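Subject: Structure handover

Hi,

Here is the structure I promised to pass on to you. Have a look at it first, and then read my notes underneath.

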Amino acid sequence: MKTILNVIWLVLCGFWMAVGYAIAGIICCILIITIPFGLASFRMANYALWPFGRTLVDRRGSGVASVLGNIIWIIVAGWWLAIGHLVTGLALCITIIGIPLGVANFKMIPVALVPLGKEIVPVP
């Protein structure tokens, strides 16, 4: 079931959300100071391509630096990516088949806002 949901996700919204994260990552990597944001954005692009069967957990040892980084991220790129997830989730919830995908989009909004200090792990 995970594979079917991931394929439908990839076709309907996963590719475009991953492109959004990748563009944010490229922009962040152009500037030397924002390279950690770019790396987090690329990690989230990977997660946005194939989210079912994986989850995000808090990374141990992330402290004040990731909190400050997340505040900067929210201002720079987090809002735009969260709005993209919100709009895509609402559009997917129009159909019955798209409801699980829309819910998955809504679950990705907090991660789009605060990606630093998170780690992608397989669901047991």
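A definition first, since one of the findings rests on it: patches are made of residues with over 30% relative accessible area and no salt bridge, and nonpolar side chains are joined into a patch within 5 Å. Please also keep in mind that this is a predicted model.

With that definition in hand, here is the patch. Val 7, Leu 10, Val 11, Leu 12, Phe 15, Trp 16, Leu 49 and Trp 50 make a nonpolar surface patch of about 770 Å². Helix 1 is the main contributor, giving six residues to the nonpolar patch. One of the patch members, Leu 10, is found in helix 1. Leu 10 has a relative accessible area of 30% and is therefore partly exposed, as that class runs between the 20% and 50% limits.

Now for the overall layout. The chain holds four helices and two strands, and their order along the sequence is α-α-β-α-α-β. Its radius of gyration is 14 Å, close to the 14 Å given by the globule rule for 124 residues, so the chain is as compact as a globular protein of that length. The C-alpha trace spans about 45 × 30 × 20 Å along its principal axes. If you take the contacts between residues at least 6 apart in sequence, 73% of them join residues at least 24 apart.

On the surface side, the accessible area of the chain is about 7,300 Å², and carbon and sulfur atoms account for 79% of that. Buried residues are 39% of the 124 residues.

What about the inside? The largest nonpolar core has 29 residues, and Trp 9, Tyr 21 and Trp 73 have the most contacts inside it. Two or more residues each come from helix 1 (2-30), helix 2 (35-49), helix 3 (64-92) and helix 4 (99-113). Helix 1 supplies the largest share of this core, with eight residues. In soluble globular proteins, nonpolar side chains tend to be buried together.

Trp 9 is a good place to start browsing. Beyond its neighbours within four places in sequence, Trp 9 is in contact with residues including Ala 48, Leu 49, Pro 51, Phe 52, Leu 101 and Met 108.

One last residue to look up is Ser 66, in helix 3. Ser 66 counts as buried because its relative accessibility of 13% is under the 20% limit. Outside its neighbours within four places in sequence, Ser 66 is in contact with Leu 116 and Gly 117.

Best wishes

How values were computed
Residues are numbered from 1 along each chain as its sequence is written. This is a predicted model: local features need pLDDT of at least 70, side-chain atom pairs count only at pLDDT 80 or more; totals for chains, interfaces and linings use all residues. Side-chain values use heavy atoms; hydrogens and water are left out. The radius of gyration is taken over C-alpha atoms; the globule rule is 2.2 Å times the number of residues to the power 0.38. Buried means under 20% relative accessible area, exposed over 50%, partly exposed in between (1.4 Å probe, protein chains only). Contact means heavy atoms within 4.5 Å. Accessible areas come from the Shrake-Rupley method with a 1.4 Å probe; for residues, only the protein chains shown count as cover. A nonpolar core is a set of buried Ala, Val, Leu, Ile, Met, Phe, Trp, Tyr and Cys residues joined through side-chain atoms within 4.5 Å. Patches are made of residues with over 30% relative accessible area and no salt bridge: like charges are joined within 9 Å, nonpolar side chains (Val, Leu, Ile, Met, Phe, Trp, Tyr) within 5 Å. A salt bridge is a side-chain nitrogen of Lys or Arg within 4 Å of a carboxyl oxygen of Asp or Glu.
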